[in-house]
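Subject: The two-chain model, with notes

Hi,

Here is the structure I promised to pass on to you. Please have a look at it first, and then read on for what turned up in it.

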Amino acid sequence: MALASVIGVGSTRYGVLDSSFLELVIDAASQALRDAGIGPEDIDAYYLGNFAGENFINQNHLAAYSASAIGLNGVPATRVEGACASGSLAVREAILAIKSGLYKRVLVVGAEKMTSLDTSGVTSVLAKASNWEAEVGHGLTFPAVFAFVARRYMHQYGATREHLAAVAVKNHNHAMLNPKAHMQKKITLEEVLSCQHMVAEPLSRYDCSLISDGASAMVLCAPELAETHRKDVVDIVGTGQASGRFEIFANELLTSFPATRLAAKRAYTMANIKPDDVDVAELHDCFTIAEIVATEDLGFFKPGEGGIAALEGRTRLGGELPINPSGGLKAKGHPVGSTGVGQGVEVVCQLRGEAGLRQVKNAEIGLTHNLGGAGGTCTVHIYKRR
Amino acid sequence: MALRMTVYQCDECGLRQLIPQGYCSKCRSANSYRPIDLEITGTVFSFTRVHVCEERFNSEAPYLLAIIECEDGLRLMGRVQQPVEHLSIGSCVKLAEFREGTPIFRAMSCL
């Protein structure tokens, strides 16, 4: 049963952009409204996913800040924050609000302007999604969080840097087919494996997602109204959210994120589907190892087999389950607050058959997975073509 | 006297944690955590050498960070001071000092 329906999507290009935060929001939101064939006067509520505007652009109170710029003066405007999962949390709030019956049409935007800071500055801001006192003060960075995971995964399953590299190569290849992706550069397995620029061993630059600016937007509406707006409706049929232990050192196995498993179970149950039923997925590949672990936690592959599946090409376009056809966080880019909304935009394009050169054939069911921090927050959404 | 560190232990189930919880993470007992001072020894559960870091740590990079697993479920994170080629998952370490609040571990022979 549909919880809410998507009637409009839009996104800026992701990358190092000259546009301001407001310009990004206006661009994405107006595209989504135009795609839905409605105007701001038709919107009942506005949710904004944003992680760290106060650090990146010295601005707080961002939902109200941006609402009037997109013609929503007077509309309830709420900012949602859950580290890198901020965007999908905003989507979920919109779903819940529609499902409650309170609103008929809701605008969701995810946006982040990151490139105002240099790499070191961005590293400091992102680190705030970990425990400042017990981790960050000792020198923890986000690449280090996932380096811990990668090292343990390799130890546990005998995986190698080749398995990680396969994810980077695949997602770069996919991004080449996405005109809105940050990175348009083909890379080879040899290039990745010979990279000496380590970030946090065993992760090199090629294992890390990108520091990007960008915004994405969706218009959600009550399922019974969707067909008055458009014929090719995509329904959201499952939503799962879970919290997990906040500190990476408290993660029991380190090769799995319990919040992902819980969120996925809830979403699959609600949608009444199995992992096998998913045709296309946009997963949280903030680091190559994160995609591998997510494919296992979401039930696509058995523990220890996600890396092998990536290396065998089973997760690339044309494979049995295309993962991150957009290029993912790795190559499409990762404007933090925008990411979770952007994943939904990509899945909707795939289910409508509008994904161009990166189209997954006959995709009917799509999944998004958005992970916040070191697994403290996870959201899984399931989309279905009506 | 050997260096000690304050951690927290659940009165009900004995679970030890670095950060006290209002409800025990294992048995869910309420307000059951008590501070205890321990000498910290454990094994490396995972580790990394950090090259790209916050500016304030630049002069120390690259540095070794590890997740240390100790008795009764205690886990914590700290720096490790020893050559990286001698460090692996399962290496035995002990808390040697605090530097500006950061626990520094050194290798020891496994018991």
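Let me begin with the layout of chain A, where the C-alpha centres of domain 1 and domain 2 lie 23 Å apart. Please keep in mind throughout that this is a predicted model. Domain 1 of chain A is made of residues 4–117 + 212–234, and domain 2 of chain A of residues 138–209 + 235–385. Where they meet, 47 residues from domain 1 of chain A and 38 residues from domain 2 of chain A take part in the contact.

**Annotations from UniProt**

For chain A, an unreviewed UniProt entry gives the annotation "domain: Thiolase N-terminal" for residues 17–222. In the model, that stretch of chain A is 41% helix and 15% strand, with 34 Å between its end C-alpha atoms. For chain B, UniProt (again an unreviewed entry) places "domain: ChsH2 C-terminal OB-fold" at residues 41–96. Residues 41–96 of chain B come out as 0% helix and 50% strand, and the C-alpha atoms at the two ends lie 10 Å apart.

**The sheet in chain A**

Chain A has an open sheet of nine strands with mixed pairing, in the order β3-β2-β4-β7-β1-β8-β11-β10-β9. At its edges stand β3 (77–80) and β9 (280–282) of chain A; each has a single partner strand, so one side of each is left without a neighbour in the sheet. From one strand to the next, the twist averages 25°. Helix α4 (residues 86–99) of chain A packs on this sheet, touching β1 (4–11), β2, β3, β4 (105–112), β7 (214–221), β8 (234–243), β10 and β11 (377–385) of chain A. The direction of this helix makes about 60° with that of β11(A).

Strand β2 of chain A deserves a closer look. On one side, β2 (residues 45–49) runs parallel to β3(A) and is joined to it by four bridges. Within that pairing, A:Tyr47 has A:Thr78 as its bridge partner, and A:Gly49 has A:Val80. β2(A) also pairs with β4(A), in the parallel sense and over five bridges; here A:Tyr46 is matched with A:Leu107.

Is β2(A) buried or exposed? Five of its five residues are buried, so β2(A) is largely enclosed by the rest of the structure. Both of its faces are covered: A:Ala45, A:Tyr47 and A:Gly49 are buried on one side, and A:Tyr46 and A:Leu48 on the other.

**Nonpolar cores**

The largest nonpolar core has 96 residues. Those with the most contacts inside it are A:Phe146, A:Ile248, A:Ile289, A:Phe300, A:Leu367 and B:Ile40. Helix α6 (residues 142–157) of chain A supplies the largest share of this core, ten residues. Apart from it lies another core, of 32 residues, which includes A:Ala45, A:Val91, A:Val341 and A:Ala363.

Which residues does B:Ile40 touch, leaving aside those up to four places away in sequence? They are B:Met5, B:Val7, B:Cys70, B:Leu74, B:Leu76, B:Val93, B:Lys94, B:Leu95 and B:Phe105.

**Backbone details to check**

There are cis peptide bonds to look at in both chains. In chain A, the bond joining A:Glu201 and A:Pro202 is cis, with omega about 10°. A:Pro202 lies in the loop between β5 (198–200) and β6 (203–204) of chain A. In chain B, the bond from B:Ala61 to B:Pro62 is cis, with omega near -5°, and B:Pro62 sits in the loop between β4 (41–50) and β5 (63–69) of chain B.

Positive phi values are worth a glance too. A:Asn362 is not a glycine, yet its phi is positive, at about 55°. This residue lies in the loop between α14 (336–352) and β10 (365–372) of chain A. A:Asn362 has a relative accessibility of 66%, and exposed means over 50%, so A:Asn362 counts as exposed. In chain B, B:Asn31 also has a positive phi, near 45°, in a residue other than glycine. B:Asn31 is placed in the loop between β2 (16–17) and β3 (33–38) of chain B. With 59% relative accessibility, B:Asn31 counts as exposed.

Happy browsing, and all the best!

Definitions and conventions: Residues are numbered from 1 along each chain as its sequence is written. Chains are lettered from A and ligands numbered from 1 in the order in which they are written. This is a predicted model: local features need pLDDT of at least 70, side-chain atom pairs count only at pLDDT 80 or more; totals for chains, interfaces and linings use all residues. Side-chain values use heavy atoms; hydrogens and water are left out. Buried means under 20% relative accessible area, exposed over 50%, partly exposed in between (1.4 Å probe, protein chains only). Two strands pair if DSSP finds at least two bridges between them. Axes are lines fitted to C-alpha atoms, for helices over the stretch in contact, and angles run from 0 to 180 degrees between N-to-C directions. Contact means heavy atoms within 4.5 Å. A nonpolar core is a set of buried Ala, Val, Leu, Ile, Met, Phe, Trp, Tyr and Cys residues joined through side-chain atoms within 4.5 Å. UniProt positions are given in the numbering used here, feature names are shortened, and annotations may be inferred rather than shown by experiment. Domain bounds come from an automatic or database domain assignment.
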